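Student: Please take one part of this model and go through it closely. I would like the site around the bound molecule, and then whatever it connects to.

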Amino acid sequence: MSFISVKNVWQQYGDQVVLEGLNLSIAEGEFCTLVGASGCGKSTFLRLLLGQEVASKGTIQLDGQPLAKEPDSTRGVVFQRYSVFPHLSVLDNVALGLELPRSGLLGRLFGAAKRDARDQAATLLHKVGLDHALDKYPTQLSGGMQQRLAIAQALIMKPRVLLLDEPFGALDPGIRKDMHALLLELWRETKLTVFMVTHDLSEGFNLGTRLLVFDKVRIDPHAPGAYGARITYDIPLNSDRRAARVALDSLKTA
Ligand SMILES: Nc1ncnc2c1ncn2[C@@H]1O[C@H](COP(=O)(O)OP(=O)(O)O)[C@@H](O)[C@H]1O
Ligand SMILES: [Mg+2]
């Protein structure tokens, strides 16, 4: 049985069909990279996987069960920008995920439970290379550090699926390389299933175990909204080649 199964999924807003007839079967631990022209529905597909929207037609199942109607802790998400809370410190941004669901009406956690949440957050922040910045605020961080924080925030709830929407698109190429190495390390360690949208084809080829290409194949000039994008290529990527490329890249930047 596949871990995530997408069956004949369509998404439509009013008259505009955005996605049509998507079918996918994803094994646990796969790292899918998603590419396609701007506006073809990649972010829409991630919102469907997150459970933020329900598909107009078709079904998405996780572990044989229909997706929960709302985003929950099985799925974490990182956007290109603004994933973190600007008014919270780095440590609080990450600890918050652990504190909120348990604290209920009482507000924040106290005592040992609170210390435990903060310890877990600090450990994860150490792993993403932010242990020197626990008390800083997001505006005091560089773009790359903010994305490290956003990744830690998404991972603290130990999701099984990580959704990344052009997470490194706003970063300089050198910083992006560091982020690739970090992401691969976290992926190997956690055995997460990853979906990552990128506009950088080489990023898509280098990072993923599987490249999904979204494209609109049918176009009616008289009815621009009539057809949506499909997955036109679904390319397995050789892991040895990926490892080789990452190794080469790190040599180049060393
Ligand atoms: N909530 C919405 N309501 C109406 N149209 C939407 C909504 N979300 C996305 N769209 C439209 O769906 C299309 C695909 O958008 P999007 O998924 O953001 O594409 P991509 O991420 O590939 O650039 C766009 O034409 C966009 O305007
Ligand atoms: Mg998008």
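Tutor: What follows starts at the ligand and works outward.

Keep in mind that this is a predicted model.

Start with the shell. Ligand 1 is surrounded by Tyr13, Gln16, Val18, Ala37, Ser38, Gly39, Cys40, Gly41, Lys42, Ser43, Thr44 and Arg47. By class, these residues divide into four nonpolar, six polar and two charged. Two elements, strand 2 (16–26) and helix 1 (42–50), each supply at least two residues of the shell. Helix 1 gives the most, with four residues.

Now the polar contacts. A polar backbone atom of glycine 39 lies 2.7 Å from an oxygen atom of ligand 1. For cysteine 40, a polar backbone atom is 3.2 Å from an oxygen atom of the ligand. Arginine 47 uses its side chain: an N or O atom there is 3.0 Å from a nitrogen atom of ligand 1. The protein covers 62% of the 560 Å² of accessible area that ligand 1 has on its own.

Next, helix 1 itself. Seven of its nine residues are buried, so the helix is mostly covered. The buried ones are Lys42, Thr44, Phe45, Leu46, Leu48, Leu49 and Leu50. Of these, Lys42 and Thr44 also belong to the ligand shell. Just after the helix, glycine 51 takes a positive phi of about 90 degrees.

Turn to the strand side of the site. Strand 1 (residues 4–13) and strand 2 run antiparallel and are joined by seven bridges. They form a hairpin with two residues between them. Glycine 14 sits in that turn, with a positive phi of about 60 degrees. Tyrosine 13 stands opposite glutamine 16 in strand 2. Both of these residues are in the shell around ligand 1.

The hairpin belongs to an open sheet. Four strands make up this sheet, in the order 2-1-4-5, with antiparallel pairing. Strand 2 and strand 5 (65–66) are the edge strands, and each pairs on one side only. On the way across, five bridges join strand 1 to strand 4 (residues 57–62). That pair also runs antiparallel. Within it, valine 6 stands opposite isoleucine 60.

Strand 2 also leads to a distant part of the chain. Arginine 230 forms a salt bridge with glutamate 20, with the closest N and O atoms 2.8 Å apart. Glutamate 20 lies in strand 2 and arginine 230 in strand 10 (residues 230–236), so the pair ties together parts that are 210 residues apart in sequence. The two partners differ in cover. Glutamate 20 counts as buried because its relative accessibility is 0%, under the 20% cut-off. Arginine 230, at 33%, counts as partly exposed.

Other salt bridges lie elsewhere in the model, which holds 12 of them. One is between arginine 176 and aspartate 200, with the closest N and O atoms 3.3 Å apart. Arginine 176 is in helix 5 (residues 173–190), and aspartate 200 is in the loop between strand 8 (193–197) and helix 6 (201–207), 24 residues apart. Arginine 176 is buried, with a relative accessible area of 16%. Back at strand 2, salt bridges that share partners join Glu20, Arg218 and Arg230 into one network.

To retrace the path: the ligand shell draws on helix 1 and strand 2, and strand 2 pairs with strand 1 in the hairpin. From strand 2, glutamate 20 reaches arginine 230 in strand 10.

Definitions and conventions. Residues numbered from 1 in each chain as written. Chains lettered and ligands numbered in written order. Predicted model: local features only at pLDDT ≥ 70, side-chain atom pairs only at ≥ 80, totals over all residues. Heavy atoms only, no water. Near = heavy atom within 4 Å. Polar contact = N/O pair within 3.5 Å; in protein donor to acceptor, adjacent residues only side chain to side chain. Areas by Shrake-Rupley, 256 points an atom, 1.4 Å probe, with all protein chains shown as cover. Nonpolar A, V, L, I, M, F, W, Y, C, P; charged D, E, K, R; others polar. Buried < 20%, exposed > 50% of the residue type's maximum accessible area, 1.4 Å probe, protein only. Pairing = 2+ DSSP bridges. Salt bridge = Lys/Arg side-chain N within 4 Å of Asp/Glu carboxyl O.
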